[in-house]
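Hello,

Here is the structure we talked about, for you to take over. My notes follow below it.

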Amino acid sequence: MAQARINRSGGTGAIHLERVQTRYHPDEPPVLSGFNLQVQDGEIVCLLGPSGVGKTTALRVIAGFERVINGYVRLSGRLVGSPFIHVPPHERALGLVFQSYALFPHLTVVQNVQFGIKDASESDKRRRSLEILDMCGILEYADRDVHELSGGEQQRVALARAIAPDSVAVLLDEPFSNLDPSLVVELRRQVKDIIHEAGKTAILVTHDRETAFLTSDRVAVMRGGRVEQIGTAEEVYAGPVSPHVARVIGRSSFIEGTYRDGRVFTEAGEFPAVAANGYKIVDGEEVSALMRASELRLRRHDTRGSEEDGWTLEPFAPCGVDCRCVARIASREFHGDFTDFSVRLPSGDTFRVRNRSHGVALPDGAPVTITAVRGANVIVYPKDAR
């Protein structure tokens, strides 16, 4: 049975980091600097980004393994970290799930789960542990040794152990990195459902965008020791505030162009365009255009304006470029329902376009026209945006 979510945090959220700064060595630059994050009760937030941006460090600061040299860390409104206060990890009431699971090999599954439950009789600990194991779908393994379990089953034991105590939140550090990819697809959804059913708050660290999208309520994209953008997966994907965010949340290519009257003129063609959130783009400005494979389409180039694949093809002459300067197919990757094409422009630059596989055949070297999917806008950034 799902537990009711109790709002214990007031206005600060279950987890609140404000202007946090920390470093590992006094002579080194800060790993986190100006880090801000607020997580509400019952919410799952993913810290997403490539290696080295400070994701795991942020988790370690929340857990109390790293000290704060500037800023504040609050759990359910309680100040646990600042330049003057440092509450040790064992007093922060947090559940932890590590990459390596960190299970006790000499204990059974149920003994591992009840290990962190305090201030209860042995019978109550076992009852609570069995309830959690049932919730996690592994009740049948309660009295087995952990080494008898598969990697996915051990990961669920680790999650059960983290949520069994009356913790403020659960912190998960790359929880799927050591699992077979075939297990990850199913386990991501299970973990999200288990955390929500238990009424827990959670922060999950990952470098994998699919994991972030499928397991979280909000995604916080990190860069240089701080959160650059946070929102639902749909919000962040639809409106990345920088080229960095766009690259983190999906395979993206950028080409230079000129913005004019709601359109961008590039070497690849002319496309409807919209300025990225937070930027004001004026007519005539040089821009960087985000070219997403799924929002573009290829059609065999035809300067005669004939119809092919249900579309009328116009001569390929963006910005007055001679129509002899056409893009060509550099390579193809067949994926069944769709094919990923690498398209080479006259300048030699390449980017990806995804077409349905049952469309017109486009062999390597074929000249092509590139268009935007109906209703899609190319997102443009100032030329020097990063």
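Val 287 stands opposite Pro 382 in E22. The strand on the other side is E14 (residues 286-292), which is antiparallel to E22 (residues 378-382) and joined to it by three bridges. Strands (E, at least two residues) and helices (H or I, at least four) are DSSP runs numbered from the N terminus, and two strands pair if DSSP finds at least two bridges between them.

Before the rest, the basis. This is a predicted model, with local features needing pLDDT of at least 70 and side-chain atom pairs counting only at pLDDT 80 or more, while totals for chains, interfaces and linings use all residues. Residues are numbered from 1 along each chain as its sequence is written, and side-chain values use heavy atoms, without hydrogens or water.

Sheets

E14 and E22 belong to a closed barrel of five strands, in the order E11-E12-E13-E22-E14, with mixed pairing. Its neighbouring strands are turned by 50° against each other on average, direction ignored (axes are lines fitted to C-alpha atoms, for helices over the stretch in contact; angles run from 0 to 180 degrees between N-to-C directions). E12 and E13 form a hairpin with two residues between them; four bridges join these antiparallel strands, and Arg 263 stands opposite Pro 272 in E13. E13 and E22 pair in the parallel sense over three bridges, and Ala 273 has Val 378 in E22 as its bridge partner.

There is also an open, antiparallel sheet of four strands, E2-E1-E4-E5. E2 (32-39) and E5 (78-81) are its edge strands, each pairing on one side only. Here the average turn between neighbouring strands is 25°, direction ignored. Helix H1 (residues 55-63) lies across E1, E2 and E4 and runs at about 115° to E1 (contact means heavy atoms within 4.5 Å).

Cores

A nonpolar core is a set of buried Ala, Val, Leu, Ile, Met, Phe, Trp, Tyr and Cys residues joined through side-chain atoms within 4.5 Å. Buried means under 20% relative accessible area, exposed over 50%, and partly exposed in between (1.4 Å probe, protein chains only). The largest core has 46 residues, and Leu 133, Leu 159, Ile 163, Val 170, Leu 172 and Val 221 have the most contacts inside it. Helix H4 (residues 151-163) gives the largest share, six residues. A second, separate core of 30 residues includes Leu 17, Val 87, Val 205 and Met 222.

Charged residues

A salt bridge is a side-chain nitrogen of Lys or Arg within 4 Å of a carboxyl oxygen of Asp or Glu; the count comes to 17. Arg 188 and Asp 208 form one at 3.4 Å, N to O. That pair links helix H5 to the loop between E8 (202-206) and H6 (209-215), 20 residues apart. Arg 188 is buried at 5% relative accessibility, while Asp 208 is partly exposed at 28%. Lys 383 and Glu 256 meet at 3.8 Å; they lie 127 residues apart, Lys 383 in the segment after E22 and Glu 256 in strand E11 (residues 252-260).

One residue to look at is Glu 174, in the loop between E7 (169-173) and H5 (181-197). Glu 174 is buried yet has no salt bridge, and the nearest side chain of opposite charge, Lys 55, is 4.8 Å away (Lys and Arg count as positive, Asp and Glu as negative; His and the chain ends are not counted). Leaving out residues up to four places away in sequence, Glu 174 touches Lys 55, Gln 99, Val 205, Thr 206 and His 207.

Regards
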